[in-house]
Amino acid sequence: MGQTSRVNDATIAALDRLDALRGALDGVALPLAIGGADAARDARRAAVRQIDDYIQPRLSNLDAPLLAVVGGSTGAGKSTLVNALIGIPVTRTGVIRPTTRQPILLHSPVDAAWFASTRILPGLARVTGVVREAPSNEAGEEPDAAQIGSVVLVADARVPQDLAILDAPDVDSIADENRELAAQLLAAADLWLFATTANRYADAVPWRLLDDAAARDITVGVVLNRVPPGAEAEVEADLRQMLARRGLGTAPVFVVAESPLDGRGMLPAPAVAGIRAWLTGIAGDRAERARIAGRTLAGTVERLGVTARAVADARDEQLVTAKDLRATIAAIHDDAAERVDDATRDGVLLRGEVLARWQDFVGTSDVFRTVESWFSRARDRVTAWFQGRPAPAIEVEHEIESGLHAVMVDEAGRAAAEAWARVRQSAVGRQLTSGADLAQPSPELPERASRLVREWQQGLIELITEQAAGKRTRARVMSLGLNVITVALMVVVFASTGGLTGGEIAIAGGSAVVGQKLLETIFGEGAVRRLAAQARDDLEARVHALMAAEAARWDALLAPVESGADGDALRDAAAELEAAMAAVGRPQEPSRSLLPSDVVEAEALDDEAESPIEGESEDVRELGPGTGALPAVGAGDGAVAAGSTGEQGDDHEQGPGR
């Protein structure tokens, strides 16, 4: 495999890793309103959008034309600068704030296919514009908030090949959609032309964006506009110091002094000569374009890794919070199960009629007689009891079942109320439970508790049947009846002196002894201990499962928090992308980017193609007049003395012209 194939393979591998990170970011759930969650959600959303708008298309082809976005604050004169750079009014200026409108993307006709497709900014619809004769305050599109999600493409020979210019909305617009769109466009740029004024260059909003540019290592040209004559040197020196402190000391600064606009609302050509020279110099130098594209891409991917790790930290906090809430709920329901277990140990379930009826047919007077004699008498008593001599008022089995059922339902209700109150003590818990009501146990609980008792009793019968394997044992069981043996085993499981008082202690203790002796007569002492232990373990497991099912009702609220990638998945995806990008950027490899045919499916780049490209609107709108081409001017970054008047503005800036 040759070098070119290695580059393609490395780039494709990086694109795969980028897609994996995008999927991880897109799948991260941050629904809980804990500290930093809002910022993390915004960062995640912006990162996914930047991958789509810029990183993926730029990584796919480093040789694609550069996109220079003109951004800045309200009243910075961005649109007036853009018009001056092109030489005609192509984007509207005005004094009304905000003038919501579509961004204008100006490009060379040769580069039309690159921008008409959805290669970059795929979420914005395309509208094709044409130049028409109009002053700057009437140029471009009529303000229309409904069209904010589209971009107007203007092809003009004055724009140098391989570098497009995009006029963005205000970064500090009072309209939310304008600010959001401005941030999106700046994030999709290869380089910025950032406009500010002598009065506002120290404002906080522009510097937040410039800090982001420094973090991404993006190439930035700073336009200090509308500087009063005579103050150029002082203001520029202060601005340069501020830039140096923020890591932008090498950024070129273009000073545009106040000057009157002509009849069309245009700055004099010399006012922007330095800016034009800088942009056309970049456009005409393939190596410089590649350097800028590679630098911005590398810085953006590095910044993406930082963002992914910050989102990962926020994701971890969400999972820890959800885990803590789940642990609290589980512990409360575990405690409820333990209280049921305690109730089956302390004799409470053998109070009253249960003990009385058990004594009616078993008694304790013959406990210390010989085993066979005692068994014979006990069998006669039990047989008579079931034949109706004397007829019991309440069956022991039914009474125990009712008592066990009541205890489970009561404890489940107590657990539901306690869990609800505990969770809702915090703001996060109140947010989580908004619109839900889990303060009461589930409506199905009584039926499930009844089924639990029946299934447990059936399990006891199966245990007894398995134990009665011998003929003699089976005969004894059959002579008394499985139901009687089952009741005896239940009495042994439930009888204890804990929780009982007075005469109940003697009765319960004696009942347990009688029941145990009856079972030992049939099965033997060791077998009875095993039966009782198995019966209790089975009941405890079933009760804990019942309470766990009640706790599981919270899954509907907690599962959305827990679903999706975790923090480690994000960190791993970011690290893998960074490793893949390092392979793409190895010095020994060729610098050729992938051609669109390598990785971009159905991306038509034929300049002579007549049919619209995917994502391109067939709408054609007039924007402004002009003929001739922008002359290629040598690169430069010196200050320019001419500038705009204090009335200059753009569609979201002050002054008669944008």
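This report describes the overall make-up of a predicted protein model and then some of its helices, strands and loop residues.

Because the model is predicted, local features are considered only at pLDDT of at least 70 and side-chain atom pairs only at pLDDT 80 or more, whereas totals for chains, interfaces and linings use all residues. Residues are numbered from 1 along each chain as its sequence is written, and side-chain values use heavy atoms, with hydrogens and water left out.

**Overall make-up**

The protein chain has 21 helices and nine strands, where helices (H or I, at least four residues) and strands (E, at least two) are DSSP runs numbered from the N terminus. Of its 658 residues, 52% count as buried, a term that stands for under 20% relative accessible area, with exposed meaning over 50% and partly exposed in between (1.4 Å probe, protein chains only). The chain exposes about 27100 Å², of which carbon and sulfur atoms supply 52%; such areas come from the Shrake-Rupley method with a 1.4 Å probe, and for residues only the protein chains shown count as cover. Among the contacts in the chain with a separation of 6 or more, 85% join residues 24 or more positions apart, contact meaning heavy atoms within 4.5 Å.

**Enclosed elements**

Strand β4 (residues 150–155) has five of its six residues buried, so it is largely enclosed by the rest of the structure. Two strands are taken to pair if DSSP finds at least two bridges between them, and the partners of β4 include the two in the table.

| Strand paired with β4 | Sense | Bridges | Opposed residues |
|---|---|---|---|
| β2 (residues 104–107) | parallel | four bridges | His107 and Ala155 |
| β3 (residues 125–130) | parallel | five bridges | Gly129 and Val154 |

Helix α3 (residues 78–86) is also largely enclosed by the rest of the structure, because nine of its nine residues are buried. These residues, which include Lys78, Ser79, Thr80 and Asn83 as well as Leu81 and Ile86, pack against β1 (66–72), β2, β5 (163–167), β6 (191–197), β7 (219–227) and α8 (273–283). The helix is followed by Gly87, whose phi is positive, near 100°.

**Crossing of α9 and α18**

The axes of helix α9 (residues 286–345) and helix α18 (residues 525–551) come within 9 Å and cross at roughly 150°; axes are lines fitted to C-alpha atoms, for helices over the stretch in contact, and angles run from 0 to 180 degrees between N-to-C directions. The crossing is right-handed, the near helix being turned clockwise from the far one by less than a right angle, whereas an anticlockwise turn would make it left-handed. On the α9 side the contact includes Ile329, His333, Val340 and Arg345, and on the α18 side Arg536, Leu539, Met547 and Ala551 are among the residues met. The contact residues divide into eight nonpolar, three polar and seven charged, with Ala, Val, Leu, Ile, Met, Phe, Trp, Tyr, Cys and Pro counted as nonpolar, Asp, Glu, Lys and Arg as charged, and the others, Gly among them, as polar.

**Individual residues**

Leu121, in the loop between α4 (112–116) and β3, has a positive phi near 45° although it is a residue other than glycine, and at 1% relative accessibility it counts as buried. Asp217, in the loop between α6 (204–216) and β7, likewise has a positive phi, near 60°, but is partly exposed, with a relative accessible area of 36%. Lys517, in helix α17 (residues 503–523), is partly exposed at 29%; Lys517 and Val528 are eleven residues apart in sequence and 9.1 Å apart in space, C-alpha to C-alpha.
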